[in-house]
Amino acid sequence: MLQGKGATLSYGKSVRMFANYIALYPMKGNVEKKARKAEKKAARVALDVTAKIHNAPFRQSRFFAHYHTKLLPGMLRKVEQFNISDACIGCGKCVRLCPDKNIYMENGRPVIGDNCEQCMACIQWCPAQAINYLDKTGGAKYHHPAVTVDELMVR
């Protein structure tokens, strides 16, 4: 994108985070500790950027480049892997949370359409923990303490 606008990236830094893509792997129990550490590093990065410090941008490995351009787009549309349990209370939060407006209510229950970006907000924030992906997302959830569900709602 930058090249298309005649610009170049002049700063890059990686900030290690905890793994939170719960569709592939369960969350570990040490997320708060890792989040605090990442927040400190991100604050240092923000100071660097504000001070206009130049740093060699992070180069993505060939594996990740292939993953993000070839494999991931096909995975993102596998909506048949979602299921809604009988624990659903029909509150509609998942509908209002979906950034792609891909969830709608039918007969008091959410239905996930075929344009899912797999942000997992519906799973992470479901008050009844009724939305699941491949029967492996029922474990720990992480919510940043400074972010509320109301702030995330799109409608």
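## Cavities, cores and an aromatic pair

The largest cavity has a volume of about 110 Å³, and 15 residues line this cavity, those closest to its centre being Cys-98, Ile-103, Cys-116, Cys-119 and Cys-122. Sorted by class, the lining of the largest cavity consists of eleven nonpolar, two polar and two charged residues. The model in which this space is found is a predicted one, and the mean pLDDT of its protein chain is 83, with 88% of the residues reaching 70 or more. That confidence varies along the chain, for among its elements helix 2 (residues 62-75) has the lowest mean pLDDT, 68, whereas strand 2 (residues 103-106) has the highest, 95.

Rolling a probe the size of a water molecule over the atoms shows where empty space is left. In this structure there are two cavities of 30 Å³ or more, and the second largest of them has a volume of about 100 Å³. Its lining is made up of 18 residues, and nearest the centre lie Cys-88, Cys-91, Cys-94, Cys-126 and Ile-131. Helix 3 and helix 4 each supply at least two residues of the lining of the second largest cavity, and the largest share, three residues, comes from helix 3. By class, this second lining holds 15 nonpolar, two polar and one charged residues.

Some of the residues already named return in the nonpolar core. The largest such core has 23 residues, and the ones with the most contacts inside it are Phe-82, Ile-103, Met-120, Cys-122, Ile-123 and Ile-131. Helix 1 (31-50), helix 3 (93-97), helix 4 and strand 4 each contribute at least two residues to this core. Another core, of five residues, lies apart from it, and among its members are Leu-97, Trp-125, Val-149 and Met-153.

Phe-82 also leads to the aromatic rings, where a search of the whole structure finds one aromatic pair. The ring centres of Phe-82 and Tyr-133 are 4.9 Å apart and the ring planes stand at 70 degrees, so the pair counts as edge-to-face, the cut-off for that class being over 60 degrees. Because Phe-82 lies in strand 1 (residues 82-84) and Tyr-133 in strand 4 (residues 131-133), the pair ties together parts that are 51 residues apart in sequence. Both Phe-82 and Tyr-133 are buried.

From the enclosed spaces one can turn to an open one, the second largest pocket, which has a volume of about 340 Å³. Of the 14 residues lining this pocket, Asn-20, Gln-124, Trp-125, Tyr-142 and Leu-152 are the closest to its centre. Helix 4 (residues 121-125) provides the largest share of the pocket lining, namely three residues. In terms of class, the lining of the second largest pocket has ten nonpolar and four polar residues, and no charged ones. Trp-125, which is among the residues closest to the centre of this pocket, is also one of the members of the five-residue core.

A last stop is the loop between strand 3 (109-112) and helix 4, where Asn-115 is found. With a relative accessible area of 34%, Asn-115 is partly exposed, a class that lies between the limits of 20% for buried and 50% for exposed residues. The C-alpha atom of Asn-115 is separated by 7.8 Å from that of Val-79, although the two residues are 36 residues apart along the chain.

Note on methods:
Residues numbered from 1 in each chain as written. Predicted model: local features only at pLDDT ≥ 70, side-chain atom pairs only at ≥ 80, totals over all residues. Heavy atoms only, no water. Phe/Tyr/Trp six-rings, centres within 6.5 Å; stacked < 30°, edge-to-face > 60°. Helix = DSSP H or I, 4+ residues; strand = E, 2+ residues; numbered from the N terminus. Buried < 20%, exposed > 50% of the residue type's maximum accessible area, 1.4 Å probe, protein only. 1 Å grid on protein atoms, 1.4 Å probe; cavity = no way out; pocket = protein on both sides within 12 Å on 5 of 7 lines; lining within 4 Å. Points joined across faces, edges and corners; volume = space filled by probe spheres on them. Nonpolar A, V, L, I, M, F, W, Y, C, P; charged D, E, K, R; others polar. Core = buried A, V, L, I, M, F, W, Y, C linked by side-chain atoms within 4.5 Å. pLDDT = per-residue confidence, 0-100.
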